[in-house]
Amino acid sequence: YTITVCNNSVNTQTGTLADNTPANFMITNSTLPATVTLNSMQCDTFTISGYFTSPGSCFYNIASVTSPANTTWKDSVCVTVNYACTDSSTFIIYDSTYSTTLNYRYDTLNIFVEGTLFVNDTLKLMRCNVYMNAGAHIIVQAGGYLDIDSSVVMGCLTMWRGITVLDYGELLVHEGSTVTDADTTVLANNKAKATLQNAYIKNFVLGVYMPPSANAFYNGTTLKIEQTTFDFTAFKQNYAGQNTHGSKPECGVLLNDWIGTIGTYQDSLWLNKFLNLNNGIVVKSSTVTVKNCFFGNIQADAFYGKPYNGTSVVSVGDIAAGKRGNLTMQPVMNNHKTMTSCYGGVWTSYSTLNLNNVRMDSMYIGATVNRCKDYLSATIAWNEIKATRAGIVCNNNAGAAKLDLNNNTIHVDGTGLNVASGIVINEINKNGQGNYSIDNNSLYLYNVRYGIRMQNVYKPLV
């Protein structure tokens, strides 16, 4: 804004200037001097820039000029401040609002959520644009039901916390709805119910997160993810207090202590997509089937510091707790490619693996199996893998019931690497039995060092 000072007297005058701004106004730049000298009938204009830290009505700004004779002239203006992303038609949901004080349904409306919104009964948002304030949070409580239908939920100027579904709460995101710019888009607790069906989850740190179980049992979360795209283009500015994160999302779906299926074969169009992420799906101490899910441009972000960074699908068990992983990886329907342009395809540690009929193209490494011991097993069969470093890598699997690698078609072009191989098997203990069976695979190799490289492997069947 500007302040204009004029000398309407017949003489040159010097005045002392002051600008009393509201307490919630932060000045970023000002050309207003302490004093000004003006000739007769002369004016001068000064510019002040800044921002308000909170909205409200009629914030007074008072400018003054004081003469050497201690006479003061004042002018003031009353300013009403609205949130960014709002106008006179926007419905504002203020901090700590409970849905019982709201309507059951809002349709074709612009909505602004100021802080925490508690959903403790049914709340349906249909064809709405919902703007989330910095750090805003939606919590679906026990008995609450949040239905996001044909709507867009987005950060206003920054990121926001996301949607937390507590025990016995329920979330439905469907009909082409988009939820974007959240730190953790959906956090589903034990006994929560969350359904993403024909949805778009974008520009998050974690897309769907299920925390570890608080006891020795699996989480009782009901989770359905179908025809949903997890994608990244750019982050908005962090909100105050947000945890630091990498330059891309950490993971699309990160689940702990869960039994279930991600994806469906009900319709070929009901395809889940994971694009431009650090990891696509990571499951820990869980028994999970992944089907009809496509992964594109999954590449490592070193910030997250995991050995499986850049891998499309990961299953990890907990040896110390005796919790094994169990992953069944199934392909996209109609023989389409399941993974393209990714650093890694599948990575497991202390987990059973069944990887069958999956097509991988333009990979660095296709599949990696680690520490498949305690009589766990891994079967990698009937896959097509095109990679630059290796098609299949197995490490430290002594004690496995079986490591069965059969009927795979592996293409490796190791140009420029000097270490590429078709299949790599490394064991620490040369007397440890990994029970490897490598049978009927077709290897098409170009500029590689080894076709099948085995080190310290006890009596493999090749």
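**Patch, strands and salt bridges in a predicted model**

Q: Which residues form a nonpolar patch on the surface?
A: This is a predicted model, where local features need pLDDT of at least 70, side-chain atom pairs count only at pLDDT 80 or more, and totals for chains, interfaces and linings use all residues. Residues are numbered from 1 along each chain as its sequence is written, and side-chain values use heavy atoms, with hydrogens and water left out. A patch takes residues with over 30% relative accessible area and no salt bridge, joining like charges within 9 Å and nonpolar side chains (Val, Leu, Ile, Met, Phe, Trp, Tyr) within 5 Å. With about 240 Å² of accessible area together (Shrake-Rupley method, 1.4 Å probe, only the protein chains shown count as cover for residues), the patch is formed by Ile452, Met454 and Val462.

Q: Is Ile452 buried, partly exposed or exposed?
A: Ile452 sits in strand β43 (residues 450-455); strands (E, at least two residues) and helices (H or I, at least four) are DSSP runs, numbered from the N terminus. Buried means under 20% relative accessible area, exposed over 50%, and partly exposed in between (1.4 Å probe, protein chains only). At a relative accessible area of 33%, Ile452 is partly exposed.

Q: Which residue in β15 stands opposite Leu117?
A: Two strands pair if DSSP finds at least two bridges between them. Strand β12 (residues 116-119) and strand β15 (residues 137-140) pair in the parallel sense over 4 bridges. In β12, Thr116 and Phe118 point one way, Leu117 and Val119 the other way, and all are buried. Opposite Leu117 stands Ile138.

Q: What is the order of the strands in the open sheet of 3 strands?
A: The pairing in this sheet is antiparallel. Its edge strands, each pairing on one side only, are β1 (2-7) and β3 (25-30). β1 is joined by 6 bridges to strand β5 (residues 42-52). The order is β1-β5-β3.

Q: How many residues apart in sequence are the parts tied together by Lys236 and Asp181?
A: A salt bridge is a side-chain nitrogen of Lys or Arg within 4 Å of a carboxyl oxygen of Asp or Glu, and Lys236 and Asp181 meet in one at 3.3 Å, N to O. Lys236 lies in the loop between β23 (222-231) and β24 (251-256), and Asp181 in the loop between β19 (170-180) and β20 (182-188), so the parts tied together are 55 residues apart.

Q: Which partner of Arg359 meets its side chain in a salt bridge?
A: Arg359 counts as partly exposed at 21% relative accessibility. The salt bridge spans 3.0 Å, N to O, and the partner is Glu384.
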